[in-house]
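Please find below a colleague's note on the structure, set out as numbered points. The note begins with a question and then proceeds to the individual features.

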Amino acid sequence: AWRLGSDRKLLAELTALSSRILGRAKDTVRAVDGLALEGERVQGGVHTAFNRYRLLSNTQFFEQRVMEDDPPDAGTGSSNAEGGGGVSGDGVSAAAAAAVEAEE
């Protein structure tokens, strides 16, 4: 036999079940938000690593080109970068850094 007391117990159980479900849903939303933030942080780290690798690659390319284009002087035995008038290694690195920053 179903009585008014049974209705009250059912309502209390359904209310408790609803509260537990909502609590777990909120916890899940927080966890997903945390994972999204962590993913964005990792994406930023990967982007930074990629840009550093590209900067290193560009720097090495420019330095290699400078070495190929500036053979040592026949009379003195010193390179153009050492004797002045050429592009120094620091200048090449600065140019590579500026080129990567310009792309971003």
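1. In which helix do D27 and R30 both lie, and how many residues apart are they? In this predicted model, D27 and R30 belong to helix α1, where three residues, or about one turn of the helix, separate them. Their side chains form a salt bridge with an N to O distance of 2.8 Å. D27 is partly exposed, at a relative accessible area of 43%, whereas R30 is exposed, at 54%.

2. A search of the whole structure returns two salt bridges. Besides the pair formed by D27 and R30, E38 forms a salt bridge with R41, and the closest N and O atoms are 2.6 Å apart. E38 and R41 are separated by about one helical turn, because they are three residues apart in helix α1. E38 has a relative accessible area of 38% and is therefore classed as partly exposed. R41 counts as exposed, at 54% relative accessibility.

3. On the overall fold, the protein chain contains three helices and zero strands. Along the sequence, the pattern reads α-α-α. Helix α1 spans residues 4-69, and helix α2 spans residues 80-83.

4. Burial and surface should be considered together. Of the 104 residues in the protein chain, 5% are buried. The chain exposes about 8,500 Å², and carbon and sulfur atoms supply 59% of that area.

5. A nonpolar patch deserves separate mention. W2, L10, L14, L17 and I21 make a surface patch of about 520 Å². Within this group, L17 has its place in helix α1. With a relative accessible area of 38%, L17 is partly exposed; this value is over the 30% required of patch residues, so L17 meets that condition for inclusion.

6. Is T59, another residue of interest, buried or exposed? T59 is buried, because its relative accessible area of 11% is under the 20% cut-off. T59 is found in helix α1. A polar atom of the T59 side chain lies 2.8 Å from the backbone oxygen of L55.

7. Confidence should be reported alongside these details. The protein chain has an average pLDDT of 80, and 67% of the residues score at least 70. By helix, confidence is highest in α1, at a mean of 93, and lowest in helix α2, at a mean of 44.

8. Residues 77-88 call for a caveat. Over this stretch pLDDT stays under 50. The model nevertheless has nine contacts beyond four places in sequence for residues 77-88. Where pLDDT is low, predicted coordinates should not be read in detail.

9. In summary, the salt bridge of D27 with R30 and that of E38 with R41 can be described together with helix α1, in which both members of the D27 and R30 pair lie and in which E38 and R41 are three residues apart. Helix α1 has a mean pLDDT of 93. Any account of residues 77-88 should state that pLDDT there is under 50.

Methods
Residues are numbered from 1 along each chain as its sequence is written. Side-chain values use heavy atoms; hydrogens and water are left out. Helices (H or I, at least four residues) and strands (E, at least two) are DSSP runs, numbered from the N terminus. Buried means under 20% relative accessible area, exposed over 50%, partly exposed in between (1.4 Å probe, protein chains only). Accessible areas come from the Shrake-Rupley method with a 1.4 Å probe; for residues, only the protein chains shown count as cover. Patches are made of residues with over 30% relative accessible area and no salt bridge: like charges are joined within 9 Å, nonpolar side chains (Val, Leu, Ile, Met, Phe, Trp, Tyr) within 5 Å. A salt bridge is a side-chain nitrogen of Lys or Arg within 4 Å of a carboxyl oxygen of Asp or Glu. pLDDT is the predictor's confidence in each residue, from 0 to 100. Contact means heavy atoms within 4.5 Å. A polar contact is a pair of N or O atoms within 3.5 Å; within protein, one must be able to donate a hydrogen and the other to accept it, and residues adjacent in sequence count only if both atoms are side-chain atoms.
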